[in-house]
Amino acid sequence: MQTRQLFHGGDYNPEQWLDRPDILEQDLELMQKARVNVVTLGVFSWALLEPEEGVFRLDWLADIIHKLYERGISTILATPSAARPAWLAHKYPEVRRVRADRVRELYNRRQNYCYTSPVYREKVRRIDQELARRFGGDPAVVLWHISNELSGECHCELCQAEFRRWLQERYGSLQALNKAWNARFWSHDYTDWEQIESPAPQGENAVQGLTLDWKRFVSSRHIDFFRFERDCVRALAPQAEFTANLMYRFHDIDYHALAKELDVVSWDSYPTWHKRGETVEETALDTAMMHDLFYSLKGKPFLLMESSPSFTNWQPVSKQKKPGIAMLSALQAVAHGSDSVCYFQWRASRGAEEKLHGAVVGHDGRTDARPFRETVQVGEALEQVAQVAASGRPKQAAILHDWSNMWALEGSSGPRNAGLGYWKELAGHYNALARAGITVDLIGQESSLEGYGLVVVPMLYLIGEEFAQRLCQFVKQGGTAVVTYWTGVVDESDLCWLGDTPHGLTRMLGLRRAEIDGMYDGEERRCSPVEGAPAALPATRASVLCEVAALDEEDPAVPLLVYDEDYFAGAPAAAVHAYGEGRAYYLASRFTPEFYESFYAEAAKQAGLAPACDQELPWGVLSSRRDGFLFLQNCTEAPVTVLGCELAGWGTGVWQETENGWEKIL
């Protein structure tokens, strides 16, 4: 879906107000004032769309869709599968999920269905096709939204049987499965497929290959369910395009695999602004990393499907966005590749769990309330920068984020079971590059490396042979790679690679892993730069894991930084190795933010990566690029001057590239 406008709107739940036509009419008026041009409908509407089995009532939905469209407001139409009605859950118990402890859930909450159940799939097919018949060719519907925030897992007998079929397809034989899982350990050989069960708190939890494959299976079930729903609609609406709203740092689904099935990536962003001990800039960087991940999934603009216009009600403390943060947050999404700013929710619900969640229109219905006023301002700003829509981003640096690696890393026993801080590791590299104004994609092991100048491989514990070969080839042809500690340890089955490690990368790095030492929380080791090294690095401190590397005897890496203390004093903490036409850096531990900023300033420069803005920016000002556009965002309360213009505290400036240079458009 390509649009030459930036969408502005959000989740609308008019079914909660069908007995109040005055409120529905007011919504239409207020949406126009707020420059709303799109809403999402139908996300949790199943109980009204099909109040009893086989009885479908869609007229109310059609009436609202068309009244909105008459006022220039398009619809993203959702399928309602994320929350099945009570009649369905009680008549057909098999549609209710079974927990890992093998207890079937009662009727509850949402995302509460068995994605394998043939009964559930048939009921979903019927409601989806009713919607597709009615709205599949309706010009008011610009996108289909499949389900909602796909998540969770089911351990019922139907899913157990499907898991076994999945394993048979993956391995072909029990002999191959037993070898991949190293099942001989603790006498765990399986002699019949029926002996295999999903991990359970009172069951198997020591076969880490089983746990890893279960996570892969659960991910594949969600993707299969998405594909099933999409195809139900597509059969009757062949021109339709589809999205699913993804989530922050989500664990359960391999989004790289899911994105292959999506026409448009979208996600729900709910940062906790104004956290204790975290600056606005740090929160902005954390959110930016997620925006960049979702752009990277398809390498094209995404949609910000949900965000809060004020606060959320499900976090430990519900902090209001301070004045200016709503605009900063909205334009940051656009700066990093979003073609929309949408909210949950348009109007506050009167009851139930999200009645106190932030909304554009509160219970008082006032237009002078700050969330509404700030939403109007965002809508006006989006109209001013509408020409940004559909523009891409430059390809500069990539960070490896691989779901199978994350699952395997977290499921392994040792070398540090107190928490490896996987996302903290990614953030250390990302934040330094983002502060330098370098555009960063987050890619998987199957992603192409073509076009990147710098590829960062943090804690790639599970490494595939094919990716290792492609990374070496990338460097050999002139690229720059950064490889960290605890990389290249196991294969796709979580079996330790035999021989020198990091597997497949030792020649590229000019060293091998000799051993690794786990640090307690708060424990650190001093590191100092090597005098006369080809790159000047600052002294720093190592933490979490300290890897001890042995340099290659024939073609050694050049140490840049060495440990100052402990039994590994003098061993390289950072090193560089020329390989073919490129270079490979090695980082043996997790270092301080100041180190990464200095390191990546040099590494990016050597890789030929130019920052988004060619002028030095004040601290707290972040820069980012979309093709032909420059965004500068002041993440501090104090006004600053950039490119000859003053940016207010928490302000954003947007410049468009012209024949005469940069022209400010916002």
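This is a guided tour of a predicted model, arranged as a series of selections to make in the viewer.

**The eight-stranded sheet**

Begin with the open sheet of eight strands, whose order is E7-E6-E5-E4-E3-E2-E1-E8 and whose pairing is parallel. Select residues 303-307 for strand E7 and 340-343 for strand E8, and you have the two edges; each has a single partner strand, so one side of each is left without a neighbour in the sheet. If you step across the sheet from one strand to the next, the twist averages 30 degrees.

Now select residues 7-11, which form strand E1, and keep E8 in view: the two run parallel and are joined by four bridges. Within this pairing, His8 has Val341 of E8 as its bridge partner. Add residues 370-384 to the selection to bring in helix H12, which packs on the sheet and touches both E1 and E8, with its direction making about 145 degrees with that of E1.

**Leu41 in strand E2**

Stay with this sheet and select residues 38-41, strand E2, where Leu41 is found. Is Leu41 buried or exposed? With a relative accessible area of 1%, Leu41 is buried. To see what surrounds the side chain, set aside the neighbours within four places in sequence and display the contacts of Leu41, which include Tyr12, Pro14, Leu61, Ile64, Ile65 and Leu68; the stretch Thr75, Ile76, Leu77 and Ala78 is also in contact with Leu41. For a sense of distance along the chain, pick the C-alpha atoms of Leu41 and Gln26, which lie 15 residues apart in sequence and are separated by 17 Å.

**Helices H5 and H8**

Next, select residues 118-135 for helix H5 and residues 208-234 for helix H8, whose axes come within 8 Å and cross at roughly 35 degrees. The crossing of H5 past H8 is right-handed. On the H5 side, show Tyr120, Arg121, Val124, Arg125, Asp128, Gln129 and Ala132, and on the H8 side show Arg221, Asp224, Phe225, Phe228, Glu229, Cys232 and Val233, since these are the residues through which the helices meet. Coloured by class, the contact has seven nonpolar, one polar and six charged residues.

Remain on H8 and centre the view on Arg216, which is found in this helix. Arg216 has a relative accessible area of 11% and is buried. Beyond the neighbours within four places in sequence, Arg216 is in contact with Trp166, Arg170, Ser404, Trp407, Leu462 and Glu492. One of these partners shows how the chain comes back on this site: Ser404 is 188 residues from Arg216 along the chain, yet their C-alpha atoms are separated by 7.3 Å.

**The cysteines**

A search of the whole structure finds zero disulfides. Return to Cys232, which takes part in the contact between H5 and H8, and draw a distance to the sulfur of Cys114; this is the nearest cysteine sulfur and it is 16 Å away. Cys232 counts as buried, at 6% relative accessibility. Then select Cys645 and Cys613: the latter holds the cysteine sulfur closest to that of Cys645, but at 11 Å it is too far for a bond. Cys645, with a relative accessible area of 22%, is partly exposed.

**Strand E9 and its partners**

Move to residues 397-400, strand E9, where both faces are covered: Ala397 and Ile399 are buried on one side, and Ala398 and Leu400 are buried on the other. Adding residues 440-443 shows strand E10, which runs parallel to E9 and is joined to it by four bridges; here Ala398 stands opposite Asp441. Adding residues 454-457 shows strand E11, which also runs parallel to E9, through three bridges, and in which Val456 is the bridge partner of Ile399.

**The four-stranded sheet**

The last stop is an open sheet of four strands with the order E20-E21-E24-E25 and antiparallel pairing. Its edge strands are E20 (621-626) and E25 (661-664), each of which pairs on one side only. Neighbouring strands of this sheet are turned by 25 degrees against each other on average, direction ignored. To finish, select residues 652-658, strand E24, which pairs with E25 in the antiparallel sense over four bridges, and find Thr658, which stands opposite Gly661 in E25.

Terms used:
Residues numbered from 1 in each chain as written. Predicted model: local features only at pLDDT ≥ 70, side-chain atom pairs only at ≥ 80, totals over all residues. Heavy atoms only, no water. Pairing = 2+ DSSP bridges. Axes fitted to C-alpha atoms, helices over the stretch in contact; angles between N-to-C directions. Contact = heavy atoms within 4.5 Å. Disulfide = S-S within 2.5 Å. Buried < 20%, exposed > 50% of the residue type's maximum accessible area, 1.4 Å probe, protein only. Left-handed = near helix turned anticlockwise from the far one by under 90°. Nonpolar A, V, L, I, M, F, W, Y, C, P; charged D, E, K, R; others polar.
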